[in-house]
Amino acid sequence: YWSGGPVADHDRDGRLDFFGPEWEPAVASPLLRNVTPGAENYLDVKLELENSPNRNGLGARVEIYQVGKLGNKKGLLGTRIISVSNGYSSGYEAIAHFGLPGDKKVDVRVSMPCNGKVYTATSVARNQRYIVKE
């Protein structure tokens, strides 16, 4: 039994891995590595906003689109909100993770929660950690 179950790309291969924190000190906490074949096409979006009080972009809305369709609902491939918690007793990296099985490049839009600032990038290649900077 694990009350929390954080997931993250622990080995940086594009697949989300699972950590099961044990309550009992005598029992090892397992790290379950995802080795699913063919699931390695991904994009991680991380914010490093050095001049912002919200440096990691907590609460930012990250949207990815088909190339050339930035802002078009018909081209939307996925949306994530950057957070460091989910559920009970779990913590996460401040990263938006997307699986991209078919798209080799995408357009990215990040909308900040408080000041309304928007960051965009076009033709971002998959299979990387894309860092948004000011």
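Which side chain does the side chain of R126 join through a polar contact of 3.5 Å? In this predicted model, the partner is the side chain of N41. The surroundings of R126 are taken up again below, after the overall layout and the two sheets.

The secondary structure of the protein consists of 10 strands and 0 helices. Along the sequence, the pattern is accordingly written β-β-β-β-β-β-β-β-β-β. Taken along the principal axes, a box of roughly 55 × 40 × 25 Å holds the C-alpha atoms of the protein. The protein has 134 residues, of which 33% count as buried. When contacts between residues at least 6 apart in sequence are considered, 51% of them join residues at least 24 apart.

One open sheet is formed by 3 strands, arranged in the order β7-β4-β10, with mixed pairing. Its edge strands, each pairing on one side only, are β7, which spans residues 95-99, and β10, which spans 128-133. On average, and with direction ignored, neighbouring strands of this sheet are turned by 20 degrees against each other. Strand β4 comprises residues 42-48 and runs antiparallel to β7, to which it is joined by 5 bridges. Within this pairing, the residue of β7 that stands opposite K46 is I95.

A further open sheet contains 4 strands in the order β6-β5-β8-β9, and its pairing is antiparallel. Here the edge positions are held by β6 (76-81) and β9 (118-125), each of which pairs on one side only. Neighbouring strands are turned against each other by 15 degrees on average, direction ignored. Between β5, made up of residues 61-66, and β6, the antiparallel pairing extends over 5 bridges. One residue pair in this arrangement is V62 with R80, the latter being the bridge partner in β6.

Two charged residues were examined individually. D17 belongs to strand β2, which covers residues 17-19. This residue is buried yet has no salt bridge. The nearest side chain of opposite charge belongs to R33 and is 5.3 Å away, whereas a salt bridge requires a separation within 4 Å. The side chain of D17 does, however, reach the backbone nitrogen of N34, at 2.7 Å. Both R33 and N34 are in contact with D17, as is L32. Other contacts of D17 involve P6, V7, A8, D9, H10 and D11, with neighbours within four places in sequence left aside.

R126 lies in the loop between β9 and β10. The loop therefore follows an edge strand of one sheet and precedes an edge strand of the other. Like D17, which is buried without a salt bridge, R126 is buried and has no salt bridge. For R126, the nearest side chain of opposite charge is that of D103, 7.2 Å away. In addition to the polar contact with the side chain of N41, the side chain of R126 reaches the backbone oxygen of L100 at 3.3 Å. With residues up to four places away in sequence not counted, R126 touches N41 and Y42, together with L100, P101, G102, D103 and K104. Among these touched residues, Y42 falls within strand β4, which covers residues 42-48.

Conventions
Residues numbered from 1 in each chain as written. Predicted model: local features only at pLDDT ≥ 70, side-chain atom pairs only at ≥ 80, totals over all residues. Heavy atoms only, no water. Pairing = 2+ DSSP bridges. Axes fitted to C-alpha atoms, helices over the stretch in contact; angles between N-to-C directions. Buried < 20%, exposed > 50% of the residue type's maximum accessible area, 1.4 Å probe, protein only. Lys, Arg positive; Asp, Glu negative; His and termini not counted. Polar contact = N/O pair within 3.5 Å; in protein donor to acceptor, adjacent residues only side chain to side chain. Contact = heavy atoms within 4.5 Å.
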